[in-house]
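The following report describes one protein structure, beginning with a single pair of residues and then widening the view. Please keep the sequence and the 3D structure at hand while reading.

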Amino acid sequence: MNHSATVHASAWSRLRFRVLALALGAVLVAVLPLLFTTRYSTNLLILGAAMGIGTLGLVVVLGYAGQISLAQAAFYGIGAYAAALGTTHWGINWWVAVVLGLVAAAVAGGILGTATLKLGGHYLAMTTICFQVIFTLIATNWIAFTGGPDGISNIKRPPFFIPLNSVQRYAWFALAALYLVAGLVWWLRDTDLGRAMRAIRENELAAEALGINTPRIKVIAFTLSAVLGALGGTIYASGYLYISPDSFNFDHAVLFLAMALVGGTESFLGAILGASLLTFLPEWLRDLKKIYLVIYGCVIILVIVFMPEGLWGYVKLLGRRFARRRLLPPAERPLQVGRGVASEEILYVVGLVKRFGGLVAVDKVDLVVRRGEIHALIGPNGSGKTTYINLLSGLYAPTSGSIRFLGKDVAGLRPSRIASSGMARSFQNLRLFRELTVWENVLVGAKRAGGNETETKGRALAAIEFAGLSDKAYEICRSLPYGHQKLVELARAIAGEPELLLLDEPGAGLNQTEKQELIRLLRRLNEMGLTIVIVEHDMSLVSRVAATATVLNFGKKIAEGTIDEVLRHPAVVEAYLGNREVALGV
Amino acid sequence: MAENLSMNGQLVFAGLAIGSVYALVALGFVMIFRATNVVNFAQGEFSMLGAYFLVALWQGLKLDYFAAIALALLLMVGIGLLFEITVYYPLRNRTFLPVIIATIGASIMFQNGALAIFGSSPEKVRPVIETVGGTGGVTVAGVFFDYQYLIILAVAVMLVGLQYLFFEYTLLGKKMQATSQDKDMARLLGIPVVYMIALTFIYSSLLGGLSGMLVAPIFFVTHKMGATLGLKAFAATICGGFGDVRGAIVGGLALGVIESFGSAYISAVYKDAFSFLVLIVILLVRPQGIFGEKVSEKA
C-alpha cells in the first residue's frame, strides 16, 4: 500500500513539474516581447525564435535519432522561400504558402533521409553538405525563380486574429510558434517514436533486432527535422520581410549545428538555450568590432571542449539535485511467453549456408526446435554459432537454405520483420541503449508485441519485475554493473513476449552467483512455456538448462541429440580437444 | 574538329591543375584522418592562411620570393602545431561530432581573423614565373600551358613522390604510419604517439599552406577562399575512398577535370555544383569510394 502511494505521489509530482514548466514557458512567451523595447532587439528576438525552431528540428534528427545533418539551413531556406514567393510573386494566402513550404521540405527531407540510409558519420555529414551547397547555388543562380542574390522583399505577415503589424506583435506570434514546437519536441521524446529514434542513436543493430524498422524511423526523423527547419524559415521570412540566399548558406547550416551542440542536442531546452545564446552573442560582442567573430568561433570551441553535453548538461545536473527518487508501480499481470501448441516445430531450418567470400561460415546446417524446449548451440570458437544466430534473426542474409519460423519462411527478411513475428535475441557483446534508462530499454523491447501504450507498459513492467530490476528502473544503463546490464538485455528481449528467444552467450563475463541467477531465470522462462536457443561456452551452464543440443565445428554440424549424448559423441570430444581430422569427419 | 580537340585538351590540363590543388588539400585531410580519425573542417583555412602569409611577406614586406615562401611555411608549422594543441588535443577522446564542430569553430576563427587583419578586398598575387622574369605560358599542339598551372602540377607530383619516399623509406615515416594504424600498439612499441600526431598536423598544415600559395595567382586571395577549397577537397577524399592516399589524389584530379568540363559544356554558374553532384552519386552507388573497402558492423 505504502509503495503504491509513493508511486502515485511520484507520478503526480512529475505531472506537476510538467504543468509548471509549460506555464513558465507561456509566461516567458507573454513577457519577453515586452522586455525588448527597441525595434532592433525585438527583431533579434524573432530571429532567435526562428533559429530556435530550426534547431529543434536538429534535436529530432541529431539529438534523438543520432543522424548528423549539415543541411538544416537549406530546409530553413525552403520554408522562407515558400513564404516569400507565395505571398509576393504568387499572391497566395500566407498559410497556404507555408503549408506548401512544409510539404516541399518534407519531401526534400524524406528524399535526403532515404538516400542516406546506408551512410553514417562523415559520409552522412558530407552528403548533407552537398545538399546544402547545391541548395545555395540554386537559390543564388536561378534568378527567374528565386530572385537571385538580390533576394525577395515585401514579404507579407500572416493574416491572424489580430493584425501582426508591429514587430512586438509578431514577436509574440514567433515565440508562440517556438513554444508549440518545443512542446511537441519535448512530448516526442517519450513517445514510442521518440524512444525508437533514441534506440537507433544508441545502437542501430539492436534496435532493428528488437523489431524497430530502422530505415523508416530514420526517414521520419529526417522528414520531421526538415519540416521544423522550414517552419523556422517561414517565421524568419515573415518577421524580417526580406530574404536573400546569404541567410541559407553553409555557414548557417553550421550555425544550426553549433546551436544544437552548444545548447545540448538531446533536449528541447538545450536547443532554445543554444539558439538564444548564439543569436545574441554576436550582438553583445558587437563592440569588439572586427574581431567579434573570432571570439565567437573561440566560444564555440570552448563550449565544446568544456561542456560536453552543452549548456543543457548543466541544467540537467541542477535538475538531478532536486529530482526525487522515482519508483515503478508493481506489475499488474505476469509475463506471457510462448502461448502456442506444445512440441510443435517452432523453428525448422533446412540446408542453411552462409559464405563470406571464399569462407563457408555455415555449411548446410539443419536445425529443428520444438516449442517448449531449450536447445543449445555449442561448438569451439569460430565454429559458426554466432553466425548461425545472426542468420536466424536476419542480421545476415543466408547464401542459401530455408528458415521456417512459426510456419512462415523468414529467410532473408529484415531483422525487424523477423523480430515482429515473434523472435527475440540477445547479443554476445552487450548491445544496450546505453544512454537510455533501464525502463526505456525494456519499453523499446516491449513495443514489439504491438498493442496500445497500456499493454506495452504492462509487458515492460512484468519483464522488469521478472528480471528483478524494479529498483534500478530509472537508472541509465551505462552506469550499471556488467551483470545487471546483462539482465537488462534479457529483460528487454522477453518484454516483447516472444515465441522464441535466441541467447548469444548469456553467461559470458558473469560470476558464479550471477550465473546461478541466470540459470534460475532461464528455467522459469522455460516453465512458462518460452522456447529458447542458447549459444554458450560454459558447459555446466548449458547442461543445467538445455535438454537438447546441436554441435557445430568449422561451420558444419557434427552432432545433435540430448546434451548427454552429444557431450559423449567422439567427434564432439575431438572437436573440443582439437583433433582436426576427426572433427571434420575425414 | 582539331579546335574541339585542343579545347578539350585545354580543359583536361586546367582540370588537372586545379584538381592537383584539391588533391594536395585532400592529402592533408587524409593524413589527419588516418592519424587521428578526425575530419578537419579547417583544412581549407590552412590554404587560405598560406596564401595570405605569402601575400603579406612577399608583396607586403617585399621579401625575396623564396624567402617569403620559406617564412610562410615556417608560420604554417606554427599554425599546425597550435591547431593540434588547442583544437585536437582536448577533444582527442570524444566522438567525431564535437570534433567536427570544434574544427568548424576554428575555421570561423581563422576566416574572421584573416578578415580582421587583411581586410575584405581580394588580393591579387603575381604568378610565380614572373619572379624569374618569365610570363604567360607555352602553346603545344594548340593547347596553351599556363606556367602557373604547370608549376602547380609539378609541385603536386613532386610532393606526392616525396611523401611516398618519406613514408616508405624513413624511420620517422614508418613511425607515423604505425601511429595512424594502431595508436595503442604504437604506444606499446615506444613510439611517442603524441609527437607523431603533432607532426601529422604540422605536415597537413604545410600541405594546405603550400596549396594555398600555389593557387593564389589563379584565384584571388580572400578570407573565403579556403571554405570552398576545403569542401571540395573533402568531397575528393570521399570520392576516392576515405582515408586512402591514392583515393585523395585520384579523387582530387577527377573532380578538377569534371569541374572544368562541366563549367565549359553545361553551365559556368553551377561550376561548384558538379563536384557535389558527383559526390552524391558516388556515395549512393559506392559509399566506400573508389579505393575504399566496405566495412560492416559485427553483431
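Which residue is the bridge partner of E345(A) in β2(A)? The partner is R370(A). The model examined here is a predicted one.

## Overview of chain A

Chain A has 586 residues, of which 51% are buried. Its secondary structure amounts to 24 helices and ten strands. Along the principal axes, the C-alpha trace of chain A spans about 90 × 60 × 45 Å. Among contacts in chain A with a separation of 6 or more, 73% are between residues 24 or more positions apart.

The domain assignment divides out two parts of chain A: domain 1 covers residues 16-252, and domain 2 covers residues 345-584.

## The four-stranded sheet

The pair E345(A) and R370(A) joins β1(A) to β2(A). Strand β1 of chain A comprises residues 345-356, and eight bridges connect it to β2(A) in the antiparallel sense. Both strands are part of an open sheet of four strands, ordered β2-β1-β4-β5 in chain A, with antiparallel pairing. At its edges are β2 (359-370) and β5 (408-409) of chain A, each of which pairs on one side only.

Helix α15(A) lies across β1, β2 and β4 (400-405) of chain A. The helix runs at about 65 degrees to β2(A).

## The six-stranded sheet

A further open sheet in chain A has six strands, in the order β6-β7-β8-β3-β9-β10, and its pairing is mixed. The edge strands, β6 (423-425) and β10 (556-562) of chain A, each pair on one side only. On average, neighbouring strands of this sheet are turned by 15 degrees against each other, with direction ignored.

Within the order of the sheet, β3(A) stands between β8(A) and β9(A). Four bridges link β3(A) to β8(A), and these two strands run parallel. Four bridges likewise link β3(A) to β9(A), again in parallel. Residue A376(A) illustrates both pairings: its bridge partner in β8(A) is I534(A), while in β9(A) it stands opposite A549(A). In contrast, β9 (residues 548-553) and β10 of chain A pair in the antiparallel sense over six bridges. Here T548(A) stands opposite T562(A) of β10(A).

## Enclosed elements

Is β3(A) largely enclosed or exposed, and why? Five of the five residues of β3(A) are buried, so the strand is largely enclosed by the rest of the structure. Its two faces are both covered: I374(A), A376(A) and I378(A) are buried on one side, and H375(A) and L377(A) are buried on the other.

Helix α3 of chain A, residues 72-87, offers a second case. All of its residues, 16 of 16, are buried, so α3(A) is largely enclosed by the rest of the structure. The length of this helix can also be checked by reasoning. At 1.5 Å a residue, the 16 residues should span 22 Å; the end C-alpha atoms are 23 Å apart, which agrees.

## Helices lying across the six strands

Helix α15 (residues 385-392) of chain A, already met at the four-stranded sheet, also lies across β3 (374-378), β6, β7 (500-504), β8 (531-535) and β9 of chain A. With respect to β7(A), α15(A) runs at about 150 degrees. Helix α23 (residues 570-577) of chain A lies across β9 and β10 of chain A, and runs at about 125 degrees to β10(A).

## Contact between the two domains

How far apart do the C-alpha centres of domain 1 and domain 2 of chain A lie? They lie 43 Å apart. The two domains are in contact through 16 residues of domain 1 and 21 residues of domain 2 of chain A. On the domain 1 side, α8 (192-202) and α9 (204-209) of chain A each supply at least two residues. The largest share of that side, six residues, comes from α8(A). By class, the residues of the domain 1 side are seven nonpolar, four polar and five charged.

## Contact between the chains

The contact of chain A with chain B takes 37 residues from each of the two chains. On the side of chain A, α5 (121-141), α11 (250-263), α13 (292-306) and α15 each supply at least two residues. The largest share, twelve residues, comes from α5(A). This side of chain A has 28 nonpolar, seven polar and two charged residues.

Key:
Residues numbered from 1 in each chain as written. Chains lettered and ligands numbered in written order. Predicted model: local features only at pLDDT ≥ 70, side-chain atom pairs only at ≥ 80, totals over all residues. Expected span 1.5 Å × (residues − 1). Buried ≥ 20, exposed ≤ 12 C-beta atoms within 10 Å, placed from the backbone. Pairing = 2+ DSSP bridges. Axes fitted to C-alpha atoms, helices over the stretch in contact; angles between N-to-C directions. Contact = placed C-beta atoms within 7 Å. Nonpolar A, V, L, I, M, F, W, Y, C, P; charged D, E, K, R; others polar. Domains from an automatic or database assignment.
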